[in-house]
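Work through the exercises below with the sequence and model open. Try each task before reading its solution.

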Amino acid sequence: QVQLVESGGGLVQPGGSLRLSCAASGLTFSNYAMSWYRQAPGKERELVAVTISAGGTINYADSVKGRFTISRDNAKNTVYLQMNSLKPEDTAVYYCNAKHRGIITAPYWGQGTQVTVSS
C-alpha cells in the first residue's frame, strides 16, 4: 500500500521560512517523479515544483521561483520543499504527489499539510 505522508507545515510570518517533507512508502521511490502542489481556499490545486529524478529535471511555478527549492533523497524515500521569503499568498494546503515515470497510472497523493503565512 502506497503512502505519502507530509509534515512541516505551520504558521509563519511573512518573510519567514518552512521546510516541508514528504515520506513515501510502498513504492520504488526512484521510479517516480515527485511533485508539490498547493490549494488555497476557493482556488484550484496548482503545481508548485517537480523533481523528475535524482539529479534530473526540476521545474517551478513562476510564483515561487527563486524562493522555493525542491529536493529529494532517494535513500530516505523523501522529497522536500524548502520555502523561503514566504508571502501571505503562499498560504495553502500543500500536497505531495508521486507519479510513475514509465507507466501510465494514476498518481498518488498525500493528505496535505497546511501552510499559513500571516503576521
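**Exercise 1. Classify Ser35 by accessibility, place it and list its contacts.**

Step 1. Ser35 has 6% relative accessibility, so Ser35 counts as buried. Buried means under 20% relative accessible area, exposed means over 50%, and partly exposed lies in between (1.4 Å probe, protein chains only).

Step 2. Ser35 is found in strand S4. Strands (E, at least two residues) are DSSP runs, numbered from the N terminus.

Step 3. Leaving out residues up to four places away in sequence, Ser35 touches Leu47, Ala49, Val50, Tyr95, Cys96 and Asn97. Contact here means heavy atoms within 4.5 Å.

Two ground rules apply throughout. The model is predicted: local features need pLDDT of at least 70, side-chain atom pairs count only at pLDDT 80 or more, and totals for chains, interfaces and linings use all residues. Residues are numbered from 1 along each chain as its sequence is written, and side-chain values use heavy atoms, with hydrogens and water left out.

**Exercise 2. Describe the surroundings of Thr78.**

Step 1. Find the element. Thr78 is in strand S8, which covers residues 78-83.

Step 2. Check accessibility. The value for Thr78 is 9%, so Thr78 is buried.

Step 3. Look for a polar partner. A polar atom of the Thr78 side chain lies 2.8 Å from the backbone oxygen of Lys76.

Step 4. Collect the contacts beyond four places in sequence. Thr78 touches Ser21, Cys22, Ala23, Phe29, Ser71, Arg72 and Asp73.

**Exercise 3. Trace the aromatic cluster around Trp109.**

Step 1. Count the pairs. The structure holds three aromatic pairs. Rings of Phe, Tyr and Trp (its six-membered ring) pair if their centres lie within 6.5 Å; planes under 30 degrees apart count as stacked, over 60 as edge-to-face and the rest as tilted.

Step 2. Take Tyr37 and Trp109. This pair is edge-to-face, at 4.9 Å centre to centre with 65° between the planes. Tyr37 lies in strand S4 and Trp109 in strand S10 (residues 108-109), so the pair ties together parts 72 residues apart in sequence.

Step 3. Take Tyr95 and Trp109. This pair is edge-to-face too, at 6.5 Å and 85°. Tyr95 lies in strand S9 and Trp109 in strand S10, so the parts tied together are 14 residues apart in sequence.

Step 4. Join the pairs. Tyr37, Tyr95 and Trp109 are linked into a cluster.

Step 5. Compare accessibility. Tyr95 is buried at 14%, whereas Trp109 is partly exposed at 36%.

**Exercise 4. Which charged side chains sit over aromatic rings?**

Step 1. Apply the test. NZ of Lys or CZ of Arg must be within 6 Å of the ring centre and within 35 degrees of the ring normal.

Step 2. Arg45 lies over the face of Trp109, 4.6 Å from the ring centre.

Step 3. The charged end of Arg19 sits over the ring of Tyr80, 4.0 Å from its centre.

**Exercise 5. Characterise Lys87.**

Step 1. Lys87 lies in the loop between S8 and S9.

Step 2. Its relative accessible area is 35%, so Lys87 is partly exposed.

Step 3. Beyond four places in sequence, Lys87 touches Arg67 and Val117.

Step 4. Gly10 is 77 residues from Lys87 along the chain, and their C-alpha atoms are separated by 14 Å.

Conventions:
Helix = DSSP H or I, 4+ residues; strand = E, 2+ residues; numbered from the N terminus. Polar contact = N/O pair within 3.5 Å; in protein donor to acceptor, adjacent residues only side chain to side chain.
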